[in-house]
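Trainee: Hi! Could you walk me through this one while I have it open?
Mentor: Sure, put it on the screen and ask away.

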Amino acid sequence: MSVDAQTVRRIAHLARIAVSEEEVAPLQGELNAILAFVEQLGAVDVTGVEPMTSVTPMRMKRREDAITEGDRAADIVANAPETEDGYFLVPKVVE
Amino acid sequence: MTAPVNPKKLIKGGLHDWEVVIGMEIHAQVTSRSKLFSGAATAFGAEPNAHVSLVDAAMPGMLPVINEECVAQAVRTGLGLKARINLRSVFDRKNYFYPDLPQGYQISQYKDPIVGEGEVLVDLPEGESITVGIERLHLEQDAGKSLHDQSPTQSFVDLNRSGVALMEIVSRPDLRSSEEARAYVTKLRTILRYLGTCDGDMEKGNLRADVNVSVRRPGEPLGTRCEIKNVNSIRFIGQAIETEARRQIAILEDGGRIGQETRLFDPGKGETRSMRSKEEAHDYRYFPDPDLLPLEFDQAFVDGLAAGLPELPDAKKARFVSDFGLSPYDAGVLVAERASADYYEAVAKGRDGKLAANWVINELFGRLNKEGKGIEETPVSAAQLGAIVDLIVEGTISGKIAKDLFEIVWSEGGDPRAVVEERGMKQVTDTGAIEAAVDAIIAGNPDKVAQAKEKPTLLGWFVGQTMKATGGKANPAAVNALLKAKLGIE
């Protein structure tokens, strides 16, 4: 599996990462090197082996349905560049 | 599904008849105190960002921990939809960017949902019913809310809804008209409300629908579908389908092609319009969420929840028909809301079920509708209405007087039996008193008496006069019998 320049541009756009034209070719090389590295796993025969989801046999941790957090709007928006009345403000987005 | 085509459901185009094919994705907010993966509250109407934990705001290093009640609610819903419960399911990340999605992905379930195939039985007017297949139900996070009307240049973002648990319930494309689609959502909402797993409040956005619509000539393969996003009332669902089907038919009859896309319904303009450009075609790059292990539970957990389920609408309706002798239609009206069904049962207990149903549906529901009230706000309790029914059956009051009594109890309250005593509303069954009234009317109207011998339908006039003379309290059966005898009518 390998990616072409168009796929690199597309992935960058989906991830909202600005990639200049000069960066596309080097990134394509890097991505293909990573993919080739990972593809070595394809050489292993895993027929009948159940996919592993955890290194220790454990059950997903659960939580009781109780309200334990909240009421800290000031902290929640503290890092935002712009806020008003407890809201985050962002450049206008309308679908 | 290959149900036979019902010609009545086809839409007439300019050239041909068209069949509309509809499938729905319903997003139902899970009833729980806290969110799916955090301990922040789910309650509606809080100050902006007050119900937000650091997990919901996607602060770096925060980890999701699943709310076990949300899992139980999804399983209960699956059981209510007669669906397969998957003892192992997996959470995936659905990646997309939007300002009210701080994680940059929604935790959802893609390949392995918690609930598999099920079905919903939907009753339609005129006694018809259809079975709508459920493809799956999965758990996922809701996004936050963006307000676009607060400023000309900025959007305001509130994350209170971010991370609230949703059940996405996906139907098969088994619906063939806007009427069927509306009936399906109504029934699904009823089931969810019975189960207590979603309050079904569409005004608050707690139940919203994405509607997939395509059209085809009857017998042909499925056409290309368009998805109408986020329709938030049952009436709009119907309108959106009609509008979209006609748009597609017009394009196809003009020789055009339908492009698969996401559209929005604008109820004000009565049109659907394209929402996303093709360039932005969905590419959610789902992958298993590495922060969450697979969700696993045993059959005993499912059985425990199954044992605690309430009686559901279909079973209740069948029981009302068999135990109380109700028509399927009346039983359907009564079970549409659990509170209405409970009220009816309290009235019907130990009484004539049909008479009780008439009073609950015609008098009580009629009056509640007129005042725009729900069953929870009824000023006439089930015990009071039951007493009114008893008074009719005993022959203490006539059906006509009972309506007056209902009005008094509605506006003034009180024990119906005591009201009847105090206000002298008792039916006169004393033949002597009725006879006196009848004799007076016969004596005063010799011409009518003569005519009645030729024209027996005049009996009605005499009954009316007698009832008037007795203030409506005479027993109608006794009045009829006496008049027939005295006028010599068979």
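**Domains, contacts and strands**

Mentor: Let's start with chain B, where the domain assignment gives domain 1 (7-304), domain 2 (307-422) and domain 3 (431-487). Keep in mind that this is a predicted model.

Trainee: Got it. What separates the centres of domain 1 and domain 3 of chain B?

Mentor: Taken over C-alpha atoms, those two centres are 65 Å apart.

Trainee: And the two chains, how many residues does each put into the contact?

Mentor: Chain B supplies 37 residues and chain A supplies 32 residues. On the chain B side, β3, α1 (68-80), β10 and β17 (295-296) each give two or more residues.

Trainee: Which of those gives the largest share of that side?

Mentor: That's β10(B), with 5 residues. By class, the side of chain B that touches chain A has 17 nonpolar, 13 polar and 7 charged residues.

Trainee: What does β10(B) pair with in chain A?

Mentor: Strand β3 of chain A, residues 87-91, pairs with β10(B), residues 154-158, in the antiparallel sense over 4 bridges. If you want a spot to click on, Pro91(A) has Gln154(B) as its bridge partner.

Trainee: Nice. What's the strand order of the sheet they sit in?

Mentor: The order is β2(A)-β3(A)-β10(B)-β9(B), an open sheet of 4 strands with antiparallel pairing. At the edges stand β2 (83-84) of chain A and β9 (145-147) of chain B; each has a single partner strand, so one side of each is left without a neighbour in the sheet.

Trainee: Back to β3(B) for a second. Does it run parallel or antiparallel to β1 of chain A?

Mentor: Parallel: 2 bridges join β1(A), residues 62-63, to β3(B). Look for Arg62(A), which stands opposite Ile66(B).

Trainee: Changing topic: which residues have an odd phi? I noticed Asp85(A).

Mentor: Good one to pick, since Asp85(A) has a positive phi of about 50° although it is not a glycine. As background, most residues other than glycine have a negative phi. Asp85(A) lies in the loop between β2 and β3 of chain A.

Trainee: Is Asp85(A) partly exposed or buried?

Mentor: Partly exposed, because it has 13 C-beta neighbours inside 10 Å; a residue needs 20 or more to be buried.

Trainee: Where in chain B could I look at a positive phi in a residue other than glycine?

Mentor: Try Ala58(B), with a phi near 60°. It lies in the loop between β2 (17-29) and β3 (66-67) of chain B. Ala58(B) has 15 C-beta neighbours inside 10 Å, so it counts as partly exposed too.

Trainee: OK, on to the inside. Which residues touch the most other members of the largest nonpolar core?

Mentor: Tyr184(B) and Val211(B), in a core of 65 residues. Helix α2 of chain B, residues 178-195, gives the largest share of this core, 9 residues.

Trainee: What does Val211(B) touch?

Mentor: Leaving out residues up to four places away in sequence, it touches Ile22(B), Met24(B), Ala181(B), Ile228(B), Val231(B), Ile237(B), Ala240(B) and Ile241(B). There is also a second, separate core of 29 residues, which includes Leu334(B), Val335(B), Ala348(B) and Ile401(B).

Trainee: Let me look at α6(B), then. Which of its residues are buried?

Mentor: In α6(B), residues 328-335, they are Asp330(B), Ala331(B), Leu334(B) and Val335(B). Seen down the helix axis, the buried residues of α6(B) fall within an arc of 125°, so they line one face of the helix.

Trainee: What do those buried residues pack against?

Mentor: Against α5 (313-324), α7 (338-348) and α8 (353-370) of chain B.

Trainee: Last topic: how many residues lie between β14(B) and β15(B) in their hairpin?

Mentor: 4 residues, and in the turn Gly270(B) has a positive phi of about 65°. The two strands, residues 262-266 and 271-274, pair in the antiparallel sense over 4 bridges. Asp266(B) has Glu271(B) as its bridge partner.

Trainee: And what's the order of the open sheet of 3 strands in chain B?

Mentor: It goes β6-β5-β16, with antiparallel pairing. Strands β5(B), residues 92-95, and β16(B) pair over 2 bridges, and Asp92(B) stands opposite Pro288(B) there.

Methods. Residues are numbered from 1 along each chain as its sequence is written. Chains are lettered from A and ligands numbered from 1 in the order in which they are written. This is a predicted model: local features need pLDDT of at least 70, side-chain atom pairs count only at pLDDT 80 or more; totals for chains, interfaces and linings use all residues. Two strands pair if DSSP finds at least two bridges between them. Domain bounds come from an automatic or database domain assignment. A residue is buried if 20 or more other C-beta atoms lie within 10 Å of its own, exposed if 12 or fewer, and partly exposed in between; C-beta atoms are placed from the backbone. The arc is that of the directions from the helix axis to the C-beta atoms. Two residues are in contact if their C-beta atoms, placed from the backbone, lie within 7 Å. A nonpolar core is a set of buried Ala, Val, Leu, Ile, Met, Phe, Trp, Tyr and Cys residues joined through C-beta atoms within 7 Å. Ala, Val, Leu, Ile, Met, Phe, Trp, Tyr, Cys and Pro count as nonpolar, Asp, Glu, Lys and Arg as charged, and the others, Gly among them, as polar.
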